[in-house]
Protein chains: 2
Amino acid sequence: MAQKPATLKDVAAYANVSRATAARALNSYGYVGDETARKVHEAAEKLGYRGNRLAQALRNGQLPIIGCILGDIQNPFFARIAHDIEVLARKYRYNLIIGSSEEDLEQEVSLLASLQSLSIRGFIVAPTSDENTFHLERLIEENVPLVLIDRVVKGIECDSVVVDNEGGARKAIEYLIAMGHRRIGLLQDDTRIFTSRERLSGYQSALMAGGITPDDAMISVSQSTVEHAIDATIRLFSQKTPPTALFTVDSLMTQGALLAFRAMGISIPHDVSLVGFDDFNLATFTDPQITVVAQPVSEIGLAAARLLFEKLSGQSSPPQQIRFETKLLIRGSVSRRPEG
Amino acid sequence: MAQKPATLKDVAAYANVSRATAARALNSYGYVGDETARKVHEAAEKLGYRGNRLAQALRNGQLPIIGCILGDIQNPFFARIAHDIEVLARKYRYNLIIGSSEEDLEQEVSLLASLQSLSIRGFIVAPTSDENTFHLERLIEENVPLVLIDRVVKGIECDSVVVDNEGGARKAIEYLIAMGHRRIGLLQDDTRIFTSRERLSGYQSALMAGGITPDDAMISVSQSTVEHAIDATIRLFSQKTPPTALFTVDSLMTQGALLAFRAMGISIPHDVSLVGFDDFNLATFTDPQITVVAQPVSEIGLAAARLLFEKLSGQSSPPQQIRFETKLLIRGSVSRRPEG
DNA sequence: AGACCATGTGAGATCGATCTCACATGCATT
DNA sequence: AATGCATGTGAGATCGATCTCACATGGTCT
């Protein structure tokens, strides 16, 4: 026989008071006599009473849950972000619902709608694309606290936390050019993704600043998984005149490229040089160690969560845009190439 | 001016019907006239009506949310599991709340209580320890669907999905012994964690079966993070007579050990042999490639989620225990050691 | 004595949804 | 005509909590 959880009504009956009195005693508002309060607390403990948050939220407005819609938590970048947000949420006695958009706009829209119908109090979203921003606009209209993370969306005026993707990509390409590379490949994500576009832009502008005309044959598109990146790298380096260097736009793709090179018998940095965007645990343990553009992962999730909780605590401030710098960590995966 | 979401009451007023009729029309139960239903649907669309799930859940019992309490989603093993559970949950139109116990029992208890007060419908839990199982027992008493994952707890009769940890550890140690190693180190997690205990047990029984007396000086305890594992490995290999081989009990610790060895100028497999529990993306790209005990990560989360949804769909079956086998993947991180 | 305030309590309304059942209409059957 | 059934509608109850305000008591001040 399943035991039905005790309700406030049960507690009130056990303590021989009204529900209103029981609620006052348990939540310390209004007036309650000392003796009455003692009896109510005793009853609550005896019955294992645990207030129903749904009922509370229905009366008062919202559940203590924030929603977080990221690309895919299998990506160590997003896993770290989700972890940091959860830690701060726990501190504020909130629970965190994490959804993975898997970089699919429809899924992002669907997830957001689903979470809103749950009366979720606020959202941290890594928007998939800005083809359609109605769902985000609607959040703004309804005054729902929203923080965009990793990517921003034109026309959505709200708090955001991003990294200088363009500058980071530019640093990588400038470094490859300085090392003599002219045919520089790019392993990139879907250009509907904001970060992907910025990294492409940094790639292209650095090429042009170095007097190199960008060439589509140097670019291979991949989803952000190791498996897809292996395929995309193989495609890129199977062509007649392959790149002499490769820039990969996230750590899973970097790892995929490494595996593809190994499968193709391509040696780094002897045959091909490699620079990856974002650091990862074993970048300094591979042979050779991988040169990366590092972003301050440990700062990003915390910054976004802080912004959200400021808003949730009722503070009404203008939208803040936080932008973190990247840093080029030169290791051993780039070799100098003669001018030819 | 924030727009308050439309309620059923608004829709009913707009369509000039009662709330009961509006509800019937929108949810297709009971009787509603065709014309009436048309007017109601029109009103709902016009007002952007989105039913309040809290109110529904309060009336009907529970929210479409399942809770998942894992060790730490930064661990790729748990990230993969969480991802797979979320994918299946989405298919069943559920949302997933992920909490990280961080292998702290109090935090696990607190998270569970918090989620229960939200009327969460079911739980997948990787229990931290079995020192105190009251919180899990209470779930069973209240007939809340529960699936234990990765670890089980004595005395808790419910669905579970685990891996043969003991057998996996035994395979690793047997292999190291067969390669001539007698001083075999163990980098392990807190023994309150079920998997940790099983892996220790496999380690010890394989040693004894090989005629080797287990020695506490060969064991170093670490939390399951790269940073902690670096420290623990350095401690273990700084002693007078260090091990000739090391078994690490999860992929983050394996990576930490690699980094520690590199810092200490220890060469694998020349100076020390290494076997890790659980495979990871770059295990085949490090120099040397790492020998690992692989577990079927892609199966575990799905199996647990399937069990949970069976229970949630009302099926009343006896508790099922699913146990997956591990597989030793021999690569290049173990060298043969002479009998001395 | 009357007015005002503080303290304490409980009935009933509220939150937004679903559900129940009384009532109404129309049709078919006896 | 009476009865039974199907269809359709709406008032009010329910879910479990919080909130409001009427009522009661006691004390203080004018």
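Here is a short walk through a predicted model, from a pair of helices in chain A to the surface around DNA strand C.

Let's start with the record: an unreviewed UniProt entry lists residues 6–60 of chain A as "domain: HTH lacI-type", though such annotations may be inferred rather than shown by experiment. That span is 71% helix and 0% strand, and its end C-alpha atoms sit 21 Å apart. Helices here are DSSP runs (H or I, at least four residues), and strands are E runs of at least two.

Now look at helix 1 (residues 8–15) and helix 2 (residues 19–27) of chain A: their axes come within 8 Å and cross at roughly 100°. The two helices are therefore roughly perpendicular to each other, a label that covers 65 to 115 degrees. Helix 1 of chain A brings A:L8, A:K9, A:V11 and A:A12 to the contact, and helix 2 of chain A brings A:R19, A:A22, A:A23 and A:L26; contact means heavy atoms within 4.5 Å.

On to the DNA. Strand C is surrounded by 27 residues, and the closest are A:T21, A:T36, A:R59, B:L8 and B:R59; a residue counts as near if one of its heavy atoms lies within 4 Å. A backbone N or O atom of A:S18 lies 3.0 Å from a phosphate oxygen of strand C, while A:R24 places a polar side-chain atom 3.0 Å from a base oxygen of that strand.

Residues are numbered from 1 along each chain as its sequence is written, with chains lettered from A and ligands numbered from 1 in the order written. Local features need pLDDT of at least 70, side-chain atom pairs count only at pLDDT 80 or more, and totals for chains, interfaces and linings use all residues, while side-chain values use heavy atoms, leaving out hydrogens and water.

How values were computed. Axes fitted to C-alpha atoms, helices over the stretch in contact; angles between N-to-C directions. Parallel < 35°, antiparallel > 145°, perpendicular 65-115°, else oblique. Polar contact = N/O pair within 3.5 Å; in protein donor to acceptor, adjacent residues only side chain to side chain.
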